[in-house]
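Trainee: Before I rely on the labels attached to this structure, I would like to go through how each of them was assigned.
Mentor: Then let us set the values beside the definitions and see what follows.

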Amino acid sequence: MQAYTWADHRLFPTQEGALLFGVDHASLFALDSRARDTLGRWRSADPLALEDVPEEARGVLEELRDAQVLVPLVPHRRPRPAAVPELDPAGVPLETLVLEVAQTCNLRCSYCYAHGGTYGGTPRLLDPETARRAARTLLERSGDRRGVTLVLFGGEPLLNFPAVRAAVEEAEAAASAAGKELTLSLTTNGTLFTPEILAFLRDHRVLVSVSIDGPPELHDRNRPYSGGGGTYGDVTAGLAALAQWGIPAAARVTLAPRQWDRIPEVFDHLLGLGVREVGIAPASPVTPELLPTADQEEDLLRGFRTLAERFETEARQGRCLPFANLLDLLGRLHAGRAKGAPCGAGYGYLALDADGRYFLCHRLAGEEDFAAGDLETGPDLEKLRSALRAAAAPRRELCAHCWARRLCAGGCHYENHLRENLLGRAPGDSCRFIRPWLELGLRLYARLRAEPENPVMQRIARRQEC
């Protein structure tokens, strides 16, 4: 007689019954009240033999077995909560390369994690020939990847348009020769557009994200020029120029904790400027003053929840509210992939600084503990392994007992580095926000997927294909 035990799972009550989340496979099931009640009666039976279960309940439990929520019990080896597995970056082809085209900036944002774009060094520019080599390297190291992405970043990348042009043209030529799909993206502060730059971005189909933080007084407080003075007028003029040239722009927002109670207002203001999508990032705690309080974290969650409720209302009408944070989360849930790492950093995703040195990701540029080789010798796999292992170690035990571990995998390496290594916070400091945000996404996704033909669901599905 086969005995079964319960795999790690989490129940979220709903009006109809419950959502059952299978932790190790990041699987999601909607239970009606009968299935919920059956599970409730038998959940404490461990081990469990299906032959001993009355027929009226057995069907439900067999379905849970098929869903790998009930798993065969191996004698003398009880299942334990599985930590996020350690992956090896060796053999993972390069898919995304972030070029720090200009490690300098004409703005001095109040929350900048990059020390005015220099990442702690002297202001400098990537020379065009190195930009060309980097673009070729992306394609050469992409293995069997069908598509690759080149990200043009800074500082402010448009302070170095010659390198932008060189990287884009070389990447296009190399991708065409290799028969690969190339995605080009650029993140800019939006103050330096010229007709020449706009024509180039349009002709080469570069995806443009413009950093803008909301209404004038809020934006100007966050993002002044290096010499002083607000930038809102110039940024909105830049957005208007992009629209005039037929270049759709996404808005990239960063807000300090004291501004998190204005999230819906900021979102609406930016939609009113005609952007195609709005993504909102909490400012990294580069100083103790930017560490949020519990009340500010609740403001952040409340703001995101308000936008999620509006997203659902719009979706019921077949319309998509372009809230990028939620679209990304729903896309990941739809794909149903259990995370083995918080992000692609080190696993097909690298940043290259203006000196031609590789780093785990763009936010960790300049941090020697996360440096991993250079353009001349290639990515240093041993250093990548060491950096990834060190980044994950403080949370391994904590994550092993968390229901969200295969959706989160420990959180952003850079945020953890700041909180734990520089500010002395305990591991798991950001979990107070992450877990309820993930639960909010799970509940919303479960409601939306009841209408698979809804165009919003189809857009969510396509998001993971892009």
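What follows is a conversation about burial, helix geometry, backbone angles and cavities.

Mentor: This is a predicted model, in which local features need pLDDT of at least 70 and side-chain atom pairs count only at pLDDT 80 or more, while totals for chains, interfaces and linings use all residues. Residues are numbered from 1 along each chain as its sequence is written, and side-chain values use heavy atoms, with hydrogens and water left out.

Trainee: Why is Leu70 called buried?
Mentor: Buried means under 20% relative accessible area, exposed over 50%, and partly exposed in between, with a 1.4 Å probe and protein chains only. Leu70 has a relative accessible area of 1%, and is therefore buried. Leu70 is found in strand β5, where strands (E, at least two residues) and helices (H or I, at least four) are DSSP runs numbered from the N terminus.

Trainee: Which residues is Leu70 in contact with, leaving aside its neighbours within four places in sequence?
Mentor: Contact means heavy atoms within 4.5 Å, and by that test the partners of Leu70 include Tyr4, Trp6, Leu48, Leu61 and Arg65.

Trainee: What makes Ala26 and Gln68 stand out in their backbone angles?
Mentor: Each has a positive phi in a residue other than glycine, near 50° for Ala26 and near 65° for Gln68. Ala26 lies in the loop between β3 (17-22) and β4 (27-32), and because its relative accessibility is 10%, Ala26 counts as buried. Gln68 lies in the loop between α2 and β5 (70-72), and its 44% relative accessibility is why Gln68 counts as partly exposed.

Trainee: Where are the cis peptide bonds from Asp46 to Pro47 and from Gly154 to Gly155 placed?
Mentor: The bond from Asp46 to Pro47 has omega near 10°, and Pro47 is in the loop between α1 (33-42) and α2 (55-66). The bond from Gly154 to Gly155 has omega near 20°, and Gly155 is in the loop between β8 (147-154) and α4 (161-178).

Trainee: How do you know that the span of helix α10 agrees with what is expected?
Mentor: The expected span of a helix is 1.5 Å times one less than its number of residues. For the 12 residues of α10 (residues 324-335) the span should be 16 Å, and the end C-alpha atoms are 16 Å apart, so the two agree. The helix α10 is followed by Gly336, whose phi is positive, near 65°.

Trainee: Why are the buried residues of α16 said to line one face of the helix?
Mentor: The buried residues of α16 are Val456, Met457 and Ile460. Seen down the axis of α16 they fall within an arc of 100°, so they line one face, the arc being that of the directions from the helix axis to the C-beta atoms. These buried residues pack against α9, α10 and α15.

Trainee: What makes a space a cavity, and how many cavities of 30 Å³ or more are there?
Mentor: On a 1 Å grid over the protein atoms alone, a cavity is a set of points where a 1.4 Å probe fits but cannot get out, and lining residues have an atom within 4 Å of a point. Grid points are joined across faces, edges and corners, and a volume is the space filled by probe spheres set on the points. The count comes to three cavities of 30 Å³ or more, and about 130 Å³ of space lies in the second largest. That second largest cavity is lined by 16 residues, of which Cys399, Cys402, Cys408, Gly410 and Cys431 lie nearest its centre.

Terms used:
1 Å grid on protein atoms, 1.4 Å probe; cavity = no way out; pocket = protein on both sides within 12 Å on 5 of 7 lines; lining within 4 Å.
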